[in-house]
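Let's walk through a structure together, one question at a time. Have the sequence and the 3D view at hand.

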Amino acid sequence: MRKLNHNLEKLLTKNKTLFLAYDQGLEHGPTDFNDKNVDPRSIINIAKKGKFNALIFHKGIAEKYRKEIKESKIPLILKLNGKTNLREGDPISMQLATVEEAIKLNAIAVGYTVYIGSKHEPIMLREFERIQKEAHKNNLPVILWIYPRGKSIKGRNKSKLMAYACRVGLEIGADIVKVKYEGTPRDLAWAVKSAGKTKVVIAGGTKKNEKELLKQVSEIMKSGAIGLAIGRNIWQNKDPVKITNKIRKMVWR
Ligand code: FBP
């Protein structure tokens, strides 16, 4: 446990954090990218210049750009499951890489997505259970992307689902949960409280204008969340390092 906590601390700076997410190529296809950010090297560069606490990649990029990641000295979080957005119906995201591979790739933590509410939820919860156990055995922290999705959650209160997602993260042993911000700052503060000792980071979502983004960051940081795991709002910005610096100031104010 001590070693696990030590590794968890390596992901944080003064108990706060900023992760740069770049798993969208699998989740959405290259449609999120332009000529520049389609190249994983440009993302590694942003992570380095923006002093991100960690980079999030799937196995393929982690393997092919291993040298560049190593040179950047930015810690790697390996995303272990994923899916395309091409299939219809309730989502399921299955394991595509192992904890053993994460260790070989020098990852500092692993990530896994569970879609609560999906009819396939039990399969993902079961798979998460195995991965969490194996990761902790190897002192690797586990970050849980936890998104309510599927037919059964249609019409349900999104901020209540956000709090439910945070609580599920605590119950199933995630070290950090990554959720989408829904509702008011008060709703988010309740969600963070519901996560107990499991830390909370917030996803960035689709690109917003700067004013809206910074307002959200300010609310996120007041809620007790430890930071953001953000992608498109950074690397789709025309000046990714400048926007990162503005966000950094709010995270570590
Ligand atoms: P963004 O900051 O770009 O939203 O990234 C956060 C993230 O969780 C990614 O890690 C992931 O690829 C994506 O959002 C999934 O979003 P969705 O399931 O809504 O398509």
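The questions below concern a predicted model, taking in a helix, the core and the ligand site.

Q: Which residues of helix 3 (residues 40-49) are buried?
A: Buried here means under 20% relative accessible area. In an α-helix, residues three or four places apart point the same way, because there are 3.6 residues a turn. In helix 3, the residues that meet the cut-off are Pro40, Ser42, Ile43, Ile44, Ile46 and Ala47.

Q: Which strands and helices do the buried residues of helix 3 pack against?
A: Both kinds of element take part. The strands are strand 1 (17-21) and strand 2 (54-57). The helices are helix 4 (59-64), helix 5 (66-72), helix 11 (232-235) and helix 12 (240-251).

Q: Which backbone nitrogen does a side-chain oxygen of Asp39 reach at the start of helix 3?
A: The oxygen comes to within 2.8 Å of its partner. That partner is the backbone nitrogen of Arg41.

Q: Which residues have the most contacts inside the largest nonpolar core?
A: This core has 83 residues. One of the three residues asked for, Ile247, touches Leu18, Leu213, Leu214, Val217, Leu228, Ile230 and Ile234, leaving aside neighbours within four places in sequence. The full trio is Leu11, Phe19 and Ile247.

Q: How much of the ligand's accessible area does the protein cover?
A: Ligand oxygen atoms lie 2.7 Å from a side-chain N or O atom of Asp23, 3.0 Å from a polar side-chain atom of Trp145 and 2.7 Å from a backbone N or O atom of Gly205. On its own, the ligand has 480 Å² of accessible area, and the share covered by the protein is 91%.

Terms used. Residues numbered from 1 in each chain as written. Predicted model: local features only at pLDDT ≥ 70, side-chain atom pairs only at ≥ 80, totals over all residues. Heavy atoms only, no water. Buried < 20%, exposed > 50% of the residue type's maximum accessible area, 1.4 Å probe, protein only. Helix = DSSP H or I, 4+ residues; strand = E, 2+ residues; numbered from the N terminus. Contact = heavy atoms within 4.5 Å. Polar contact = N/O pair within 3.5 Å; in protein donor to acceptor, adjacent residues only side chain to side chain. Core = buried A, V, L, I, M, F, W, Y, C linked by side-chain atoms within 4.5 Å. Areas by Shrake-Rupley, 256 points an atom, 1.4 Å probe, with all protein chains shown as cover.
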